[in-house]
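Colleague: Could you take me through one part of this model up close? I'd like to hear about a pair of helices and the sheet beside them.

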Amino acid sequence: MFQAERRLSLRARLVLLALAAIIAVWLATAWFTYRDARAEFDELLDAHLAQAASLLVAQVGHELDELDLEHAGDGRHARKVAFQIWQDGQLRLHSLHAPSEPLAERKEGFSERELDGRRWRVYSTRDAGRHIQIHVGERLDIRDKLAVELAENLLRPLLFGLPVLAALIWLAVRQGLRPLDALAAEVAAREPGNLAPIEIGANPAETRPLIERLNTLFARLGRSLEQERRFTADAAHELRTPLAGIRAQAQVALGAGEAAERDRALHNAIAGCDRATHLVEQLLTLARIDAAAQAPMATVALRELAREVLAELAPPALAKGITLELAQGVEQTVTGHPAWLRILLRNLLDNAVRYSSQGGSVRVEIGREQGRAALWVVDTGPGIPEAERARVRERFYRVLGSGEAGSGLGLSIVQRIAEVHGAELRLLPGAAGRGLKAGIVFRA
């Protein structure tokens with residue numbers, strides 16, 4: 001709960017992302033601008049040094065003693081800019097505060113040197129006769145200071161403009177997210193039973209996928225609620241019949257004058273209880289299948305599963321003289337819920353045994369169908385007419401004239417378990433058009 005409260009809202013996240021992007025671009029732009037400006041700035045100052053050296057060279061034709069040194073400026077600037085004039089290895093003239101040793105070791109061009117704990121940028125040149133050496137230098141700390149001022153001027157607008165920019169972005173994001181707020185308010189104001197689709201209307205394109213997903217969800221919920229209502233009504237109707245039969249047989253037993261008649265009524269009541277119990281179990285199974293979709297799946301070996309279920313149904317099959325068989329084949333494995341796949345196969349086999357005639361056969365086949373694992377149950381019963389193969393998947397639907405009592409939920413359970421596993425239930429005619437071949441083709 002605490003972590004959920006600390007999560008940033010969508011507005012705050014958008015504002016922070018926008019500010020981060022703007023700051024990153026601004027800093028990158030300022031950095032490249034600073035580099036270019038610093039390069040241009042250094043070239044300009046180097047040009048001034050070269051120009052000053054050229055002026056001194058132009059004046060060396062006069063007597064050195066006549067040179068006017070006042071152009072070096074006052075003492076404050078003289079500490080940062082200096083020149084030296086050397087003749088035949090001797091320092092003849094220099095500016096105020098210039099060091100006594102040569103500013104540069106090179107005779108021509110630009111160089112940098114550290115003197116008295118300070119670094120100098122120096123331009124060196126000679127006169128035409130190459131007797132006079134001239135060095136004009138500038139302290140690098142002044143350049144660094146100017147560069148810092150330049151960087152501050154580039155970043156100062158970001159510092160003062162960032163709060164204003166954040167406020168403007170916040171207002172823009174708030175205005176832009178108003179359709180989302182309106183959508184949230186519309187959904188919040190709905191009644192619990194209102195599953196009508198939301199009108200897309202003039203909503204922004206970004207909200208349309210969300211509206212479409214919500215409408216899809218509403219449609220699914222509507223279908224689910226309708227199925228549950230229909231299921232509840234059908235279940236109530238189906239349970240009413242065996243309960244009424246049990247009540248009738250109990251009344252017969254109470255009013256029976258002979259022991260044989262009473263025993264027969266009691267046996268019929270017990271059979272009715274068994275049918276009601278079977279119906280309730282199948283109803284509970286259907287109710288639990290939806291929860292199975294969220295349970296973890298495992299690898300299931302179909303042939304091993306078939307052996308176990310065939311062993312469970314051997315007694316009722318033997319009672320009717322029905323032969324149970326597992327056809328030869330290669331083991332196939334699928335990913336699914338073992339317990340539900342067991343129920344699926346048991347229902348298929350139970351239907352096959354129930355509707356097969358005395359002395360018939362039921363065979364389980366496991367193999368591949370179009371590159372996918374498949375499980376088939378083939379019987380020698382009456383089969384299902386093609387016109388009714390779609391309807392028998394519905395809950396409580398039974399084929400008339402089968403002569404067998406049932407709830408009509410067996411294939412509904414098989415169909416729902418197949419859907420949970422992403423598999424397909426297929427109902428086909430049996431061998432030579434006789435009986436039914438019911439199978440599950442699993443997803444790849």
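Modeller: Here's a walk through the two helices, then the sheet, then how they sit together. Keep in mind that this is a predicted model.

Let's begin with helix H8 (residues 302–312) and helix H10 (residues 338–355): their axes come within 10 Å and cross at roughly 50°. Angles from 65 to 115 degrees would count as roughly perpendicular and those under 35 as roughly parallel, so H8 and H10 are oblique to each other. The crossing of H8 past H10 is right-handed. On the H8 side, the contact uses Leu305, Ala306, Glu308, Val309, Leu310 and Glu312, while H10 brings Pro338, Leu341, Arg342, Leu345, Arg346 and Leu349. Sorted by class, that contact has 8 nonpolar and 4 charged residues, with no polar ones.

Now for the sheet. It's an open one with 5 strands, ordered S7-S9-S10-S12-S11, and the pairing is mixed. At the edges you'll find strand S7 (323–326) and strand S11 (424–429), each pairing on one side only. Going from one strand to the next, the twist averages 20°. Further in, strand S10 (residues 372–379) and strand S12 (residues 436–441) run antiparallel and are joined by 5 bridges. If you want a spot to click on, Ala374 has Val441 in S12 as its bridge partner.

Finally, put the pieces together. H10 packs on the sheet, where it touches S7, S9, S10 and S12, and its direction makes about 25° with that of S10. H8 lies across S7, strand S9 (361–369) and S10, and runs at about 165° to S7.

Conventions
Residues are numbered from 1 along each chain as its sequence is written. This is a predicted model: local features need pLDDT of at least 70, side-chain atom pairs count only at pLDDT 80 or more; totals for chains, interfaces and linings use all residues. Side-chain values use heavy atoms; hydrogens and water are left out. Axes are lines fitted to C-alpha atoms, for helices over the stretch in contact, and angles run from 0 to 180 degrees between N-to-C directions. Helices (H or I, at least four residues) and strands (E, at least two) are DSSP runs, numbered from the N terminus. Angles under 35 degrees count as roughly parallel, over 145 as roughly antiparallel, 65 to 115 as roughly perpendicular and the rest as oblique. A crossing is left-handed if the near helix is turned anticlockwise from the far one by less than a right angle, and right-handed if clockwise. Contact means heavy atoms within 4.5 Å. Ala, Val, Leu, Ile, Met, Phe, Trp, Tyr, Cys and Pro count as nonpolar, Asp, Glu, Lys and Arg as charged, and the others, Gly among them, as polar. Two strands pair if DSSP finds at least two bridges between them.
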